[in-house]
Amino acid sequence: MRVTIFVIFLIVLTFPVKAEILEVCPNPYNPQAEYVKVKCNVTCILSDGEGNVTLKAGVHYVTKNSSAFEKEFGFKPDAEFKGRFALANGGDEVLLYENGVLVDKFSYKKSHRGLIYYREGGWKFRYEDWTNFKPVKDYVKGEIIVTPANFVFKADTIVSYTFTTDRYVKGNYTLYLDANPIGGIPINEIEIAKDHKTYFLKSPSYRFFHWKFGLKNDEIVITTENWRWNNIGYIIHFESQKVSKFLRKVLEHDRVYAGDHGNVGKLRAFKSFGGRGKIYKFEGNVTVFVLPDYNPIFDEMKKAKRRLYIMAPYIHFRDTEFLDILRNKSCEVRIITADEDCAEFLKDFGSRNGLKLEVKVDKRVHGKLVIADDEAVITSANFDECGFKMNREIGVILEGKVVDDLASLFNEEDDTVYIIPALILLCLAIAIAYIWLRFR
């Protein structure tokens, strides 16, 4: 045992962990608190090409102003920039040297306020005021309603991106709404908000507050829809003290973003298609999460070995991560989307890569659903950069038999396939009846 430990110790000494730049914050909310976090194996030099900072072995936070940094982030930094060292908001390059050799560098373009670049496998980003709420798991009984549907919820709290009809909500409830939705605040939302305590949420670090859920004590509704059930989407309805406490805690934090709403837009028309949806009873584990704090969607897709089913109104390809996941799949893949261009692209992509990929178009789709083997994710997040990385969103991971129920939705034929034949048969029956009555 001692020999093994000694060998490992020698290996660590012989092959030290690579020195690297770990974080860069060029444009914090307090401009004096900009910083770089680095890890050095030996004495190293941090440089921006105009100024240098010499650091001993270890992990170091190096900032422009120590007191400003401590006030902004709550702990003391290790060193300050020297000379003309400064992180330009419009873009810059940071260099790290050991023994006179360049061992790492990081460059960025124009940086938003509060943005922190950090290393986790590759380079990712977060904002300095983002929360870190961990997902919550509980064993529950409930129902999943596939919209369109006639579902009414008696609530004490309603959270939505927009809220243009109150016909499906009862009670004396508080509203949490996005302050600047695309197209402006709908005029019908303004009128509804007059009758309720309303928080309009706006943040420099969240693009939209795009989540949708409701609470009544420990009763919970999490949905993909803006509280109007006229598209194909999902309502998850269950009770959980643990999940209710979690969501109320997130809302309590996010009230810090409450303020005046933005521009008022047009009236948003509402058309109800009635209760045509299905209801699936379920019992099992649910894991509730909020984004961007936690996002398991790509990880769930990567795990799929038997089946991968995806329903989303559109899928935007700002990077290749989604396509790389599909490219490596040997299992059955089915996708339903409302976007014809996306569908055609994915069909060609599947053909070029020899995938078992089936793609359908349904213009009614608004819900976001991923089925990976025996787990399903239902989320408010669109399949784009804002949905996955920039918005406040919500999602649920489901386990149990209900996953097979949801998977059956991907086997159904589009209702429009039967409409024309049915109309022809109806007209034929009317004509035959007319002729029989006239000439009998």
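Buried means under 20% relative accessible area, exposed means over 50%, and partly exposed lies in between, with a 1.4 Å probe and protein chains only. By that rule glutamate 143 is buried, at a relative accessible area of 13%.

This is a predicted model: local features need pLDDT of at least 70, side-chain atom pairs count only at pLDDT 80 or more, and totals for chains, interfaces and linings use all residues. Residues are numbered from 1 along each chain as its sequence is written, and side-chain values use heavy atoms, with hydrogens and water left out.

## Sheets

Helices (H or I, at least four residues) and strands (E, at least two) are DSSP runs, numbered from the N terminus. Two strands pair if DSSP finds at least two bridges between them.

One open sheet has six strands in the order 6-5-2-1-9-10, with mixed pairing. Strand 6 (79-80) and strand 10 (122-127) stand at its edges, each with a single partner strand, so one side of each has no neighbour in the sheet. Strand 5 (residues 58-63) runs parallel to strand 6, joined by two bridges. Threonine 63 has glutamate 80 as its bridge partner in strand 6.

Helix 2 (residues 66-73) lies across this region. It covers strand 1 (20-25), strand 2 (35-40), strand 5, strand 6 and strand 9 (115-120). Its direction is at about 105° to strand 5. Contact here means heavy atoms within 4.5 Å. Axes are lines fitted to C-alpha atoms, for helices over the stretch in contact, and angles run from 0 to 180 degrees between N-to-C directions.

A second open sheet has four strands in the order 4-3-7-8, with antiparallel pairing. Its edge strands are strand 4 (52-55) and strand 8 (101-108), each pairing on one side only. Neighbouring strands of this sheet are turned by 20° against each other on average, direction ignored. Strand 3 (residues 44-47) and strand 7 (residues 92-98) are antiparallel partners over four bridges. Serine 47 has leucine 95 as its bridge partner in strand 7.

## Strands 25 to 27

Strand 25 and strand 26 pair in the antiparallel sense over five bridges. Alanine 372 stands opposite glutamate 375 in strand 26. The hairpin of these strands has two residues between them, and aspartate 373 takes a positive phi near 55° there. On to strand 27 (residues 393-399): five bridges join it to strand 26, and the two run antiparallel. Valine 377 has isoleucine 397 as its bridge partner in strand 27. Strand 26 is mostly covered, with four of its five residues buried.

## Salt bridges

Side chains of opposite charge can pair when their charged atoms come close. A salt bridge is a side-chain nitrogen of Lys or Arg within 4 Å of a carboxyl oxygen of Asp or Glu. By this rule the count comes to 25 salt bridges. Three of them are tabulated here.

| Basic residue | Acidic residue | N to O distance |
|---|---|---|
| Lysine 281 | Glutamate 143 | 3.2 Å |
| Arginine 248 | Aspartate 156 | 3.1 Å |
| Arginine 306 | Aspartate 374 | 2.5 Å |

The salt bridge of lysine 281 and glutamate 143 links distant parts of the chain: lysine 281 is in strand 21 and glutamate 143 in strand 11 (residues 136-147), 138 residues apart. Lysine 281 is exposed, with a relative accessible area of 63%, whereas glutamate 143 is buried at 13%.

The salt bridge of arginine 248 and aspartate 156 also links distant parts of the chain, 92 residues apart. Arginine 248 belongs to helix 4 (residues 241-254), and aspartate 156 to the loop between strand 12 (153-154) and strand 13 (157-160). Arginine 248 is partly exposed at 30% relative accessibility. Aspartate 156 is buried at 19%.

The salt bridge of arginine 306 and aspartate 374 joins two loops, 68 residues apart. Arginine 306 is in the loop between helix 5 (297-303) and strand 22 (307-312), and aspartate 374 in the loop between strand 25 (368-372) and strand 26 (375-379). Arginine 306 is partly exposed at 44%, and aspartate 374 is partly exposed at 47%.

Glu20, Lys39, Asp104 and Arg119 are joined into one network by salt bridges that share partners.
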